[in-house]
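Open the model in a viewer and keep the selection tool at hand. The stops below are meant to be taken in order.

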Amino acid sequence: MSGETGTRRPALRPAAVGRVLATGVTGLVLLLLTLVVVQLPWMGDLGVHAATVQRLRHAPLAPGNPLVDANTPSPYYSPWTLVLGGVARATGLDVFVVLRLAAAAGLALLVTGVWRYVRTLSAHPAAPVLSLLSLLFLWGTEPLLWSGFTGLHSLALTAAYPSTFTLGLAFHFWTWLSGALRRPAGWGVWLGLGVLWAVILLCHQFSGVVATAGAAATVAAARPGRAVWPRLGGALLLGVSVLGAWPYYDFFALADAGEGLETVHRVLYAQPVARFGLVLLGVAALVGRWRRDHRDPLVVFCALGVLAVAAGRVTGHYSWARALPAAVIPAQLAAALAVVAAGSRRVRSVWAALLAGVLLAGAWAQAGALGYVVPADALPGPVAEKYRRPWPGYGWITRWVRYGDVVMAEGRVARQVPAYGPYTVAPGYPDFFLADEERRTAATEAYFAAGTPPAERRRTEREYEVRWVLDHRGALDDPALRPVARGPRGEVLYAVP
């Protein structure tokens, strides 16, 4: 009852309660990601992105190879990293501070992009929130930690990567494209879309493929009239021209990236049920959408992604598995939209119950991300098992090693050292623009091999102008090397005579 009037306050409807709950959960998840950005876990490819910003800060017009002391182009030099290098150069901020800013910008772009794009598919107020939750948790029972994939645990490690920024830009791109197709748009709008498409491809090539598949699906679903096709053709032509004119690397040379890139990506085809099993709910939702409209944008989007990934598996082009988000994202969105779609309340309730169940299962699978904001020893045992401890980093070597020095290092160490300004002899990542990559790798392996004659080590040091050796095993037997520091895990930094 309400005061003297005796009127009864209306009870909240179950749908409204669910919407409030979903919004609250989404807010908590976004808060978690914000706290992760503050921590910036050191793992995976963070080193090469930090090194890229380092080179662009010091030499924005001719940065050279980001990892080794060689004058080669690199696909890591993109419009986005050029902006980040400019920020670092203008402000003097530490590279890792700049990467935190990049992570915040990327996540903001991703969240707002999803919100806007979903609005083109559904006007229901709960649709964007449910879609965000699906993108974060509707994956599998084993998290896939890879850039360009939107699982919570993956985003926690890759928020600062160009892939997050690029995927967020892709959602905005699809939104603007949808608007241009639905309402008459002039040449300026279409040419702007062409430039944006090229920027997306330059910033992160794999996410650019996903963006292209989503754009093709959007065009196919819109059934554009004759007036649109010349503008669309002009946009494509301008986009290709921008790709060809980019001065930092030859975009079209990436089509022949070599065997190393395929080997690295083969693992993406492993454990499909464990990694993507929960997405089957979205596949079921896509079937319903296909029955209503064979050219539904999410259906076409998913089909293009499946074709690309399957073709990669059949032909041995395993890097094509990076198109997996093009198959997964539309299924995730379809599962979320099924809860708010037109139809009977009973059907929507069933979809809501199913989605809640798989989201809970997915959230449990991604629970290891909590370790990046909560002390690992405070995590419950089952959650701690899902947590991947970050790398410690090698900032301690900067007391002796200066920017541009060459450090002999191998394995994971070589993936981290360039983040602080030095170079390594062999790159820690495949680099098909580096003609002598195999020779550098062989020289590094021989240098650290037991029984290598000291004279051979001296020749390698002279050839690559090595000033320091960082032995992560702490067991390198060479009396000519002078130990100058020992790291927190027993690593030894040697000065080269």
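A residue is called buried here when its relative accessible area is under 20%. The model is a predicted one.

**Stop 1: the loop between helices 2 and 3**

Select Asn65, in the loop between helix 2 and helix 3. Is Asn65 buried or exposed? Its relative accessible area is 0%, so Asn65 is buried. Show its side chain, which reaches the backbone nitrogen of Leu67 at 2.8 Å. Beyond four places in sequence, Asn65 touches Arg55, Ala70, Thr72, Tyr77, Tyr423, Asp431 and Leu434.

Now add Thr72, found in the loop between helix 2 (46-58) and helix 3 (79-91). The side chains of Thr72 and Asn65 are joined by a polar contact of 2.9 Å. Thr72 has a relative accessible area of 13% and is therefore buried. Outside its neighbours within four places in sequence, Thr72 is in contact with Gly64, Asn65, Phe433 and Leu434.

**Stop 2: helix 5 and the loop after it**

Select residues 127-137, which form helix 5. How many of its residues are buried? Eleven of eleven are, and the helix is mostly covered. Among the buried residues are Pro128, Ser131, Ser134 and Phe137.

Move on to Gly140, in the loop between helix 5 and helix 6. Gly140 counts as buried because its relative accessibility is 2%. Display what surrounds Gly140: with residues up to four places away in sequence left out, it touches Ala274, Arg275, Phe276, Gly277, Leu278, Gly362 and Ala365. For a distance label, pick the C-alpha atoms of Gly140 and Leu33, which are 20 Å apart in space and 107 residues apart along the chain.

**Stop 3: the nonpolar cores**

In soluble globular proteins, nonpolar side chains tend to be buried together. The largest nonpolar core here has 141 residues. Which of them touch the most other members? Select Phe96, Leu99, Phe171, Trp174, Trp190 and Leu470. Center on Phe96, which touches Leu40, Trp42, Leu46, Ala50, Ala419 and Tyr420 when residues up to four places away in sequence are not counted. Another core, of 15 residues, lies apart from the largest one; its members include Met408, Val425, Phe448 and Leu481.

**Stop 4: the largest cavity**

A search of the whole structure gives five cavities of 30 Å³ or more. The volume of the largest is about 60 Å³. To find this cavity, select its lining: Val36, Val37, Leu40, Pro41, Leu46, Ala103, Ala156, Leu157, Thr158, Ala159, Ala160 and Tyr161. Helix 1 (14-39) and helix 6 (152-158) are the elements that give two or more residues to that lining. Which of the elements gives the largest share? Helix 6 does, with three residues. Colored by class, the lining shows eleven nonpolar residues, one polar and no charged ones.

**Stop 5: positive phi values**

Finish with two backbone checks. Gln271 is not a glycine, yet its phi is positive, at about 50 degrees. Look for Gln271 in the loop between helix 11 (259-265) and helix 12 (272-276). Gln271 counts as partly exposed because its relative accessibility is 47%.

Then select Glu465, in the loop between helix 20 (454-464) and strand 3 (466-471). Glu465, also a residue other than glycine, has a positive phi near 55 degrees. The relative accessible area of Glu465 is 56%, so this residue is exposed.

How values were computed
Residues are numbered from 1 along each chain as its sequence is written. This is a predicted model: local features need pLDDT of at least 70, side-chain atom pairs count only at pLDDT 80 or more; totals for chains, interfaces and linings use all residues. Side-chain values use heavy atoms; hydrogens and water are left out. Buried means under 20% relative accessible area, exposed over 50%, partly exposed in between (1.4 Å probe, protein chains only). Helices (H or I, at least four residues) and strands (E, at least two) are DSSP runs, numbered from the N terminus. A nonpolar core is a set of buried Ala, Val, Leu, Ile, Met, Phe, Trp, Tyr and Cys residues joined through side-chain atoms within 4.5 Å. Contact means heavy atoms within 4.5 Å. On a 1 Å grid over the protein atoms alone, a cavity is a set of points where a 1.4 Å probe fits but cannot get out, and a pocket is an open set with protein on both sides within 12 Å along at least five of seven lines; lining residues have an atom within 4 Å of a point. Grid points are joined across faces, edges and corners, and a volume is the space filled by probe spheres set on the points. Ala, Val, Leu, Ile, Met, Phe, Trp, Tyr, Cys and Pro count as nonpolar, Asp, Glu, Lys and Arg as charged, and the others, Gly among them, as polar. A polar contact is a pair of N or O atoms within 3.5 Å; within protein, one must be able to donate a hydrogen and the other to accept it, and residues adjacent in sequence count only if both atoms are side-chain atoms.
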